[in-house]
2 protein chains.
Amino acid sequence: MKSFIFNNVFLKNAYTCVGPVEGKGPLKNYFNKIYDDLYLGQKCWEDAESKLLKEAILGVINKSDEEIDLIVSGDLINQNAVSSYAIKDLNIPYIGAFGACSTMILSMIIGANIIESKNAKNVICATSSHNCTSERQFRNPTEYGGGKPKTATFTVTGGVACQLSEKGLIKITRATVGKIFDSTLNNPLDMGSAMAPAACETLLEHLRDFNLESNYYDLILTGDLSDMGFKIVKDILTEQKVFNANYYDAGLMVYDIKSQKVFSGGSGCACIGVVSMGYIKFLLENKKLKRVLLIGTGALMNQMSVNQKKTITSIAHAIALEGVEI
Amino acid sequence: MKSFIFNNVFLKNAYTCVGPVEGKGPLKNYFNKIYDDLYLGQKCWEDAESKLLKEAILGVINKSDEEIDLIVSGDLINQNAVSSYAIKDLNIPYIGAFGACSTMILSMIIGANIIESKNAKNVICATSSHNCTSERQFRNPTEYGGGKPKTATFTVTGGVACQLSEKGLIKITRATVGKIFDSTLNNPLDMGSAMAPAACETLLEHLRDFNLESNYYDLILTGDLSDMGFKIVKDILTEQKVFNANYYDAGLMVYDIKSQKVFSGGSGCACIGVVSMGYIKFLLENKKLKRVLLIGTGALMNQMSVNQKKTITSIAHAIALEGVEI
């Protein structure tokens, strides 16, 4: 078995902040802070994203009674630069992680292992994304007057951080690190379809490794598979006879897809981040959910690989959160 | 104390492969494979770098009697794409790490914690860099006829992988995860000077945390500080009264700086990687060295942040290797 077991790791504090579009979405009451301005008063979008991430990290530091030993963070921007500039003044050791849009879950898996190994007591795991930094980096220049297909997603503007600790009311019980899946697709405007099989592989591996039925979890939540990828996952799970999964995707929760102009749903590192550390954490704390499996999904390509017509490789990492009986 | 202690982690197998310039350097006899062609028979430099990394990982897999549970890897190329394409067909769970040129040491620290937490028995930690992928990504377009200042470094073309395990003849004893240091400098052609203070901070923190004298280690080796950064580190260590350090930099070992046209030394993720997993591992195994502290150094900027005139943030991660008495 290659999946991970944690005996001494808990999710404690979390903090989420989002931009104007997310702040008008169905989960608006579950975020700690909503910014009306995509620039957040900064000079450029990259600085705005760094500010979102720093706000989230400081939000957790302010909530915490303990000293933070380590930050694990990453983002979509080249060389994780948003994380570097967000964290540089905090004087806390920093591990950079990269899993594209699965980075929040990957950061939590790395952080959980370091607590489990007794090398840290309190670790902040964090990530961010920003609609405009992603558009600029991945989809600029756009063709003159060019529209987007309905398979495209809308990058969530948000920063999210959580504190993993040796004590808490939500236990981190298990994790499965994903294998890289070659989607054989190469349309960067349909990453949901490219990532959906990776999510299924990781979920099925997780269930096999722990000999669990899919309905063991009250909720299985993928990160940002879009309307397209969500349907593919449901089809694969039906085909694989995983009938009982209560399965949903964070990118379909963070926006009202019918009324907000977000194509086929939300995406980006912050997507599963703000949904899970805002809304899902609330449901776990209030016993509306007892066991949740978060599956972060990431497309591991870059602009150069798209230009070189390479197929999109993808990955999915899973982590299980369970409410503790008191 | 924020540094890490490992009780059950060992460095077992390693494999290094390099390009033509490194293959003519002073350490040529300590690499497993030397390629004469920068393309390695591939269609583009990015594929060549992926091949170097995959060769190194397969080299370790072939040497190993055990099943590999996990690969931790990262590289300099946007979104760690070189690692993704190198690892995609190996069917092994993958954690993406990013620490710029400190990535080899960061990967080893993450891998060591996962073994220490008992969640894996055999982890491959890997990285790569390629002179031409770095030049294309970070320094293209160059000005017409533009030369480089003597502070510039020469990115090492190489792939490196090692196997961390529960048994072995070289013990991973300690590690210190670095904090991000704002160099206040912004010359991307003098990254040695920008990273040198980060290396000193991590070294001094490491010595303080474990109450060690600097001469506890037979060798303290930084990653790629260049001739410039090397001198700065020596000055700071003298100022801080760390007199006894047997200190050197991998970027000054991998090339003959006087005869090879490499500006002020080697750099890139593979620099400390191929030097430590080739030459230093050999010296440890043959009892020429007993205790070594590797300090990987990384400049955490990207092209956009350079264009935005941001100062260069840097980081250094340290890991200690000690020969086991039989």
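Here is a short tour of selections to make in your viewer.

This is a predicted model, in which local features need pLDDT of at least 70 and side-chain atom pairs count only at pLDDT 80 or more, while totals for chains, interfaces and linings use all residues. Residues are numbered from 1 along each chain as its sequence is written, chains are lettered from A in the order in which they are written, and side-chain values use heavy atoms, leaving out hydrogens and water.

**Where the chains meet**

Show both chains: 58 residues of chain A are in contact (heavy atoms within 4.5 Å) with 58 residues of chain B. The area buried between them, meaning the accessible area (1.4 Å probe) lost on being put together, summed over both, is about 4800 Å². On the chain A side, pick A:K2, A:Q79 and A:Y85, which lose the most area to chain B.

Now select B:D182 and A:K88. Their side chains meet in a salt bridge (Lys or Arg side-chain nitrogen within 4 Å of an Asp or Glu carboxyl oxygen), at 2.9 Å, N to O. The count between the two chains is 6 salt bridges.

Next comes A:K310, whose charged end sits over the ring of B:Y85 (NZ of Lys or CZ of Arg within 6 Å of the ring centre and within 35 degrees of the ring normal), 5.3 Å from its centre.

**Around A:Y216**

Which charged residue sits over the ring of A:Y216? Select A:R291: its charged end is 4.1 Å from the ring centre. Add A:Y217 too; both A:Y216 and A:Y217 are buried (under 20% relative accessible area, 1.4 Å probe, protein chains only).

Conventions. Buried means under 20% relative accessible area, exposed over 50%, partly exposed in between (1.4 Å probe, protein chains only). Buried area is the accessible area (1.4 Å probe) that two parts lose on being put together, summed over both.
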